[in-house]
Amino acid sequence: NGEDEFSALVREVSEETGCVCDSVEPLGIVAENRYHADFTSLSYYFVVHTKTKQAVLHLTDAEIENGTILKWCSFDELYSLIKDIEHETNQRKFLQARDLLALNEYKQNL
């Protein structure tokens, strides 16, 4: 609460990768309206550049319990990791389509 998108991004990058954001460029926003739940979610996408090496991660207890790990990969590997999964639920299919849309937008802007 009370944290803007940019501040949240910088904090999350630091917590989950141990890196410091050197530059940040907005990529886009996706609004997800879940009418049945009377809920709208905004997902903000950014392109982040960092020159720092990975430092200490600051994962939450829930992230640790869920087996969260940090894995660096190329753009093509990342794209395949997201694209090649066949999801069962409409919600997961939507999330997959949303993230692939953002990655395609990034690739077009290279």
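Biologist: Among contacts in the chain between residues at least 6 apart in sequence, what percentage join residues at least 24 apart?

Modeller: In this predicted model, 58% of the contacts between residues at least 6 apart in sequence join residues that are at least 24 apart. The chain in which these contacts are made holds four helices and two strands, and from the N terminus its elements follow the order α-β-β-α-α-α. The C-alpha trace spans about 40 × 35 × 30 Å along the principal axes, and buried residues account for 17% of the 110 residues.

Biologist: What makes Glu-32 count as buried or exposed?

Modeller: The relative accessible area of Glu-32 is 6%, and the limit for a buried residue is under 20%, so Glu-32 is classed as buried. Glu-32 sits in strand β1, which covers residues 23-34. Leaving aside residues up to four places away in sequence, Glu-32 touches Phe-39, Thr-40, Ser-41, Gln-91, Phe-94, Leu-95 and Arg-98.

Biologist: How do you know that the side chain of Glu-32 makes a polar contact with the side chain of Gln-91?

Modeller: The computed distance for this pair of side chains is 3.4 Å, and the cut-off for a polar contact is 3.5 Å between N or O atoms, so the pair falls within the limit.

Biologist: Which side chain does the side chain of Ser-43 meet in a polar contact?

Modeller: The partner is the side chain of Arg-98, at 3.1 Å, which is within the 3.5 Å allowed for such a contact. Arg-98 is also listed among the residues that Glu-32 touches. Ser-43 itself belongs to strand β2 and, apart from residues up to four places away in sequence, touches Gly-28, Ile-29, Val-30 and Arg-98.

Biologist: Why is Ser-43 called buried?

Modeller: Ser-43 has a relative accessible area of 13%, and since the term applies under 20%, the conclusion is that Ser-43 is buried.

Biologist: What makes Tyr-44 buried, partly exposed or exposed?

Modeller: Tyr-44, which lies in strand β2 at residues 39-49, has a relative accessibility of 31%. Buried would require under 20% and exposed would require over 50%, so Tyr-44 is placed in between, as partly exposed. A residue needs over 30% to be part of a surface patch, and the 31% of Tyr-44 satisfies that condition. Together with Ile-29 and Leu-42, Tyr-44 makes a nonpolar surface patch of about 280 Å². For the chain, the accessible surface comes to about 8600 Å², and 52% of that belongs to carbon and sulfur atoms.

Biologist: How many salt bridges does a search of the whole structure find?

Modeller: The search returns four salt bridges. Side chains of opposite charge can pair when their charged atoms come close.

Biologist: How do you know that the side chains of Glu-3 and Arg-11 meet in a salt bridge?

Modeller: The N to O distance between Glu-3 and Arg-11 is 2.8 Å, and the criterion is a side-chain nitrogen of Lys or Arg within 4 Å of a carboxyl oxygen of Asp or Glu, so the pair qualifies. By the same cut-off of 4 Å, Glu-12 forms a salt bridge with Arg-11, with the closest N and O atoms 2.9 Å apart, and Arg-11 and Glu-15 meet in another at 3.3 Å. Glu-3, Arg-11, Glu-12 and Glu-15 are thereby linked in a network of salt bridges.

Biologist: Why are Arg-11 and Glu-15 separated by about one helical turn?

Modeller: Arg-11 and Glu-15 are four residues apart in helix α1, residues 5-17, which means a separation of about one helical turn. With relative accessible areas of 32% for Arg-11 and 23% for Glu-15, the two residues lie between the limits of 20% and 50% and therefore count as partly exposed. Glu-3, at 38%, and Glu-12, at 30%, are partly exposed as well.

Biologist: Why is the sulfur of Cys-19 too far from the closest cysteine sulfur for a bond?

Modeller: The closest cysteine sulfur to that of Cys-19 is in Cys-21, at 8.6 Å, whereas a disulfide needs the two sulfur atoms within 2.5 Å, so this pair does not form one. A search of the whole structure accordingly finds zero disulfides. Cys-19 is buried at 3% relative accessibility, and Cys-21 is buried at 16%.

Note on methods:
Residues are numbered from 1 along each chain as its sequence is written. This is a predicted model: local features need pLDDT of at least 70, side-chain atom pairs count only at pLDDT 80 or more; totals for chains, interfaces and linings use all residues. Side-chain values use heavy atoms; hydrogens and water are left out. Patches are made of residues with over 30% relative accessible area and no salt bridge: like charges are joined within 9 Å, nonpolar side chains (Val, Leu, Ile, Met, Phe, Trp, Tyr) within 5 Å. Accessible areas come from the Shrake-Rupley method with a 1.4 Å probe; for residues, only the protein chains shown count as cover. Buried means under 20% relative accessible area, exposed over 50%, partly exposed in between (1.4 Å probe, protein chains only). A polar contact is a pair of N or O atoms within 3.5 Å; within protein, one must be able to donate a hydrogen and the other to accept it, and residues adjacent in sequence count only if both atoms are side-chain atoms. Contact means heavy atoms within 4.5 Å.
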